[in-house]
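Me: Please explain how the descriptive terms applied to this structure follow from the computed values.

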Amino acid sequence: MNGDKLLEQMHGLKSVFDDKESELTGLDREIGDGDHGVNMKRGFSAVNEKVSAGSAPEVLKQTGMTLMSSIGGASGPLYGFSFVKMSEVAKEEIDKENLMEILDVFADTVASKGKVEGGEKTMYDVISKSAGLLRESGALKLDDLQSLAEETEDMVATKGRAAYFKEQSKGTIDPGAQSAVYIIHALGEGVGK
Amino acid sequence: MKKLMNDRESFLTDMIDGLKLRDEAIDIIEETVVVRRDKKQSGVALVSGGGSGHEPAHAGYVAEGMLDAAVCGEVFTSPTPDKVLAAIKAADNGDGVLLIIKNYSGDVMNFEMAQEMAQAEGHQVSSVVVRDDVAIDNEEQRRGVAGTVIVHKYAGYLSDQNLPLDEIVEKVEGMMESLYSIGMAIAPCLVPTTGEYGFDLDEDEMEIGVGIHGEKGIYREKSETVDKIVDRMLEELFKHTDSSRLIVMVNGMGGTPESELSIATKYVMENLASRNIAVSKLLVGDYMTALDMQGFSLTVLDEDQDVLDSLEAKTRSKYFK
């Protein structure tokens with residue numbers, strides 16, 4: 001995946017989040033404050049509008065800066081800062097090997113910035129397992145990523161707003177885990193094609 | 001959805017344009033940052049903010065005696081670091097900047113990123129994180145709610161006394177050690193950016209332990225008469241405080257009629273009298289709201305002469321009475 005292909009994938013996330021806005025809002029309304037859908041939509045609309053052609057690392061960096069200044073909330077700095085950090089290890093032509101490295105950086109950044117570990121019912125539960133998924137299955141299929149998000153359904157949240165509900169947070173997929181599915185799928189698709 | 005608005009994308013900027021028309025003492029920079037028109041020339045500058053939907057917080061407290069800048073995020077969504085940085089730069093007069101942050105992971109992350117960026121550019125910036133909501137057991141995770149407005153007022157007073165940044169931080173942190181709040185709702189708010197109610201509630205139910213973002217409470221219970229609701233809330237607060245002299249705030253959630261706030265206040269004072277607690281200052285009104293949510297929160301704080309003086313001190317904010 002070169003810069004052009006990556007740009008196409010990032011721009012394409014606008015329509016994904018347009019479609020998924022109400023799904024994410026529904027999840028967030030159960031265990032958060034109901035704004036994750038509209039925030040992700042605003043973030044990737046801005047990416048679609050503002051991120052322009054460049055090398056793959058440049059596109060990742062621009063995407064990160066744009067997300068950081070448009071999403072807000074906790075997902076803004078988490079996704080935004082992660083993309084900036086991911087740009088530092090990305091090659092001009094991202095192959096599967098490089099994507100694994102990129103996904104590892106994604107996971108490490110979310111872990112340190114969000115002070116989160118596995119099993120806390122967050123986006124990290126999807127992100128941290130995606131490099132392994134790519135290594136084992138050779139692809140990042142939507143169904144497989146979705147299964148990772150679904151694993152958060154039975155978890156009890158200990159981070160983020162969902163943590164206020166403790167046991168009552170069970171039974172709902174974490175909205176951040178769900179949005180991470182779409183982002184990682186878009187990155188995987190770019191490499192797969 | 002019925003709301004007095006044009007479209008959801010412009011909800012925030014339309015609101016800020018309106019605010020500007022209503023208050024000639026403020027200016028807007030970077031589209032969503034409210035600053036004082038007459039910048040304070042000396043003393044620590046106070047910057048707060050967060051998601052919108054809590055009006056009059058935080059923009060309404062940008063005034064002499066209180067805040068120097070408020071960063072307005074989208075509805076119930078923390079503002080981004082670039083906007084917070086713009087606020088810090090605009091407010092800093094060389095005596096340093098104090099960020100007053102409510103304890104939500106988004107607010108903390110965005111404000112702290114801006115703090116690091118500003119420090120890298122040579123600004124002296126400290127922050128305090130308000131976590132007064134006792135509905136959350138885990139002290140580290142407690143949300144910042146209505147008590148934040150008392151922090152604004154106290155810090156504003158200290159800044160006007162020309163105290164240096166580190167002393168203000170120390171005093172504010174000391175004061176926050178006895179600052180406790182709890183909220184309740186009998187009806188959810190309608191969130192303009194999603195067109196959805198924050199939660200669904202049956203006719204005979206209420207939520208105890210609500211935050212200020214339209215999220216559900218920690219306990220869903222059968223609705224009661226207000227005296228019993230007040231007893232229930234004070235019972236939670238008195239798990240945390242044993243002071244016999246308190247400062248008390250009865251805060252409306254945005255959709256609560258003044259009449260009902262007065263009624264709630266009456267039963268709060270009756271309950272406190274029965275516990276032999278003296279109330280040295282009573283604040284009643286819509287200070288920190290959740291759009292049009294119907295309900296109220298109670299905040300208590302140990303009596304302290306310095307804090308009492310700060311609450312009596314003059315401010316030009318028309319929302320702090």
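**Values and terms**

Reply: In this predicted model, A:Lys115 sits in the loop that links helix H5 (96-114) to helix H6 (124-137) of chain A. Its phi is near 45°, a positive value in a residue other than glycine.

Me: Why is A:Lys115 called exposed?

Reply: A residue counts as exposed if 12 or fewer other C-beta atoms lie within 10 Å of its own. A:Lys115 has 11 other C-beta atoms within 10 Å, and is therefore exposed.

Me: Is B:Leu291 buried or exposed, and how do you know?

Reply: The cut-off for a buried residue is 20 or more other C-beta atoms within 10 Å. B:Leu291 has 23, so B:Leu291 is buried. B:Leu291 lies in the loop between strand E13 (278-285) and strand E14 (294-302) of chain B, and has a positive phi of about 50° although it is not a glycine.

Me: What makes chain B as compact as a globular protein of its length?

Reply: Chain B contains eight helices and 14 strands. Its radius of gyration is 19 Å, and the globule rule gives 20 Å for 321 residues; the two values are close, so chain B is as compact as a globular protein of that length. Buried residues form 52% of the 321 residues in chain B.

Me: Which peptide bonds are cis in the loop between E3 and E4 of chain B?

Reply: Among them is the bond joining B:Glu55 and B:Pro56, with omega about 10°; B:Pro56 lies in the loop between strand E3 (45-52) and strand E4 (69-75). The bond from B:Ala57 to B:His58 is also cis, with omega near -5°, and B:His58 is found in the loop between E3 and E4.

Notes. Residues numbered from 1 in each chain as written. Chains lettered and ligands numbered in written order. Predicted model: local features only at pLDDT ≥ 70, side-chain atom pairs only at ≥ 80, totals over all residues. Helix = DSSP H or I, 4+ residues; strand = E, 2+ residues; numbered from the N terminus. Rg over C-alpha atoms; globule rule 2.2 N^0.38 Å.
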